[in-house]
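This report describes the fold of one protein chain, moving from a central layer to the interior. The sequence and the structure are shown below.

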Amino acid sequence: MIPPRTVAPRIQSGISVDKGLAVCSAVPDNPAVGANGIGRQLAGSQTRQAVSSAAPRTLPGAPSWGRVLATTVSLWVGRRAARLRHPRLALILTVCVVVAAAAVVVSVVQVSGTSRTASASRPQAAPPAWARGPAGTVRTQAATWVASQLSSAETVGCDPLMCAALRAHGVAASRLVPAGPDAAGVDVVVASASAAGQQSAPVLLASFGAGASMVEVRTAPPGGSAAYQRAVSADLAARRSAGAQLLHSQRIGVAGPAAGQLQAGQVDSRLLIMLAMLASQHPWRVVAFGGASPGVAVAQAPFRQVIITGPDAGDLAAPLAMVRAQRAPYQPARAAIVRLPGGQAALRIDFAAPSPLGLLTGGATA
């Protein structure tokens, strides 16, 4: 059986960017904060990174055998011809040396060609069983997504080939459980469409490939499918309302596709709360949202990544430290300072899948 996800009561139903916020937490730290449900405490540590690179050196190539032999013959003939009294004898010796040199060149070329042929005919190492054929390509895509996007706290059920692919992409073996009807303690199932099962894990998190090679990433919702669909509808409405509040804020600039995505409720609740918290400290501009799940509608799997810039883009260390100091479920999977195409520094925040429901309505599920 797949255990229900934890519930954090008394979470805020709206987003305000006019009040100072510091640390987001699933459980209020101070009862005096009331219905906001987000604890306040100072956090910060500066992060510095140093990157060094070294340019590789290129050595000049060695001269060919033909050039070496030609030079040798020229020097030998020049030295010997000057000592010979008979020009005809010098000519004969020169011809003999040239013929001998040509024979040496032919031998070297034949040996070199034989060596290259033997190297080319040497069999290449066969790919592992999980990576072979079209199905192997799809497994690679699914394993890459799970390793980079799925929460590291999730236990994954998988068939033997998929488990091998996940291990090869860095998923810890302790998180992997053989998929089957008797598998216990599994949070997510990663398997073919037929093996994943609509009954045991009806919620689709991502899908890859098509037909017989399709691999799906699924999970079981707490409370059953009917309760899950109601929670999805309520969460979508709450995300739309929170997105509208952020669009009307004077401290968050949003334009282009990002504005429409906020208005449509296509942004993860954790990102909305994080943006409100950051905007309470400094003004920000949203560059783009990202991190959609392949094969799933954005309404059910909203964007989990945001890239933002501030008025003082050169000093992002303090906001980065504050973002990294958050606690679950507001602790991001990754947060880093990145460079935009024009060279401007920006802050990128990524949350792991799946997106929790109810953070904005008070019925949070992790």
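## A helix across the sheet

In this predicted model, helix α3, formed by residues 133-149, lies across strands β4, β5 and β6 (215-219). Its direction makes an angle of about 130° with β5.

The strands beneath this description belong to an open sheet of 5 strands, arranged in the order β3-β2-β4-β6-β5 with mixed pairing. At the edges are β3 (176-178) and β5 (203-208), each of which pairs on one side only. From one strand to the next, the twist averages 25°.

Strands of a sheet pair through backbone hydrogen bonds, in either a parallel or an antiparallel sense. The parallel sense applies to β2 (residues 156-158) and β4 (residues 188-192), which are joined over 3 bridges. One of the residues involved is Val 156, whose bridge partner in β4 is Val 188.

## Helix α6

Helix α6 covers residues 225-247, a run of 23 residues. At 1.5 Å a residue it should span 33 Å, and its end C-alpha atoms are indeed 33 Å apart, so the expected and modelled spans agree.

The buried residues of α6 are Tyr 228, Val 232, Asp 235, Leu 236, Ala 238, Arg 239, Ala 242, Gly 243 and Leu 246. They pack against β5, an edge strand of the sheet, and also against β7 (252-253), α7 (257-263) and α8 (269-279).

## Nonpolar cores

The largest nonpolar core contains 36 residues. Those with the most contacts inside it are Leu 275, Leu 278, Val 286, Phe 289, Val 306, Ile 308 and Ile 349. At least two residues each come from α6, α7, α8, β8 (284-290), β9 (305-309), α9 (317-324) and β11 (345-350). Helix α8 provides the largest share, with 9 residues.

Which residues does Phe 289 contact, leaving aside its neighbours within four places in sequence? They are Ala 258, Gln 261, Leu 262, Val 267, Leu 271, Leu 275, Phe 303, Gln 305 and Val 306.

A second, separate core has 28 residues, among them Val 146, Met 162, Val 190 and Ala 206. Of these, Val 146 falls within the range of α3, and Val 190 falls within that of β4.

## The protein as a whole

The secondary structure comprises 9 helices and 12 strands. Of the 366 residues in the protein, 40% are buried. Among contacts with a separation of 6 or more, 64% join residues 24 or more positions apart.

The accessible surface comes to about 19,900 Å². Carbon and sulfur atoms account for 58% of that surface.

How values were computed: Residues are numbered from 1 along each chain as its sequence is written. This is a predicted model: local features need pLDDT of at least 70, side-chain atom pairs count only at pLDDT 80 or more; totals for chains, interfaces and linings use all residues. Side-chain values use heavy atoms; hydrogens and water are left out. Two strands pair if DSSP finds at least two bridges between them. Helices (H or I, at least four residues) and strands (E, at least two) are DSSP runs, numbered from the N terminus. Axes are lines fitted to C-alpha atoms, for helices over the stretch in contact, and angles run from 0 to 180 degrees between N-to-C directions. Contact means heavy atoms within 4.5 Å. The expected span of a helix is 1.5 Å times one less than its number of residues. Buried means under 20% relative accessible area, exposed over 50%, partly exposed in between (1.4 Å probe, protein chains only). Accessible areas come from the Shrake-Rupley method with a 1.4 Å probe; for residues, only the protein chains shown count as cover. A nonpolar core is a set of buried Ala, Val, Leu, Ile, Met, Phe, Trp, Tyr and Cys residues joined through side-chain atoms within 4.5 Å.
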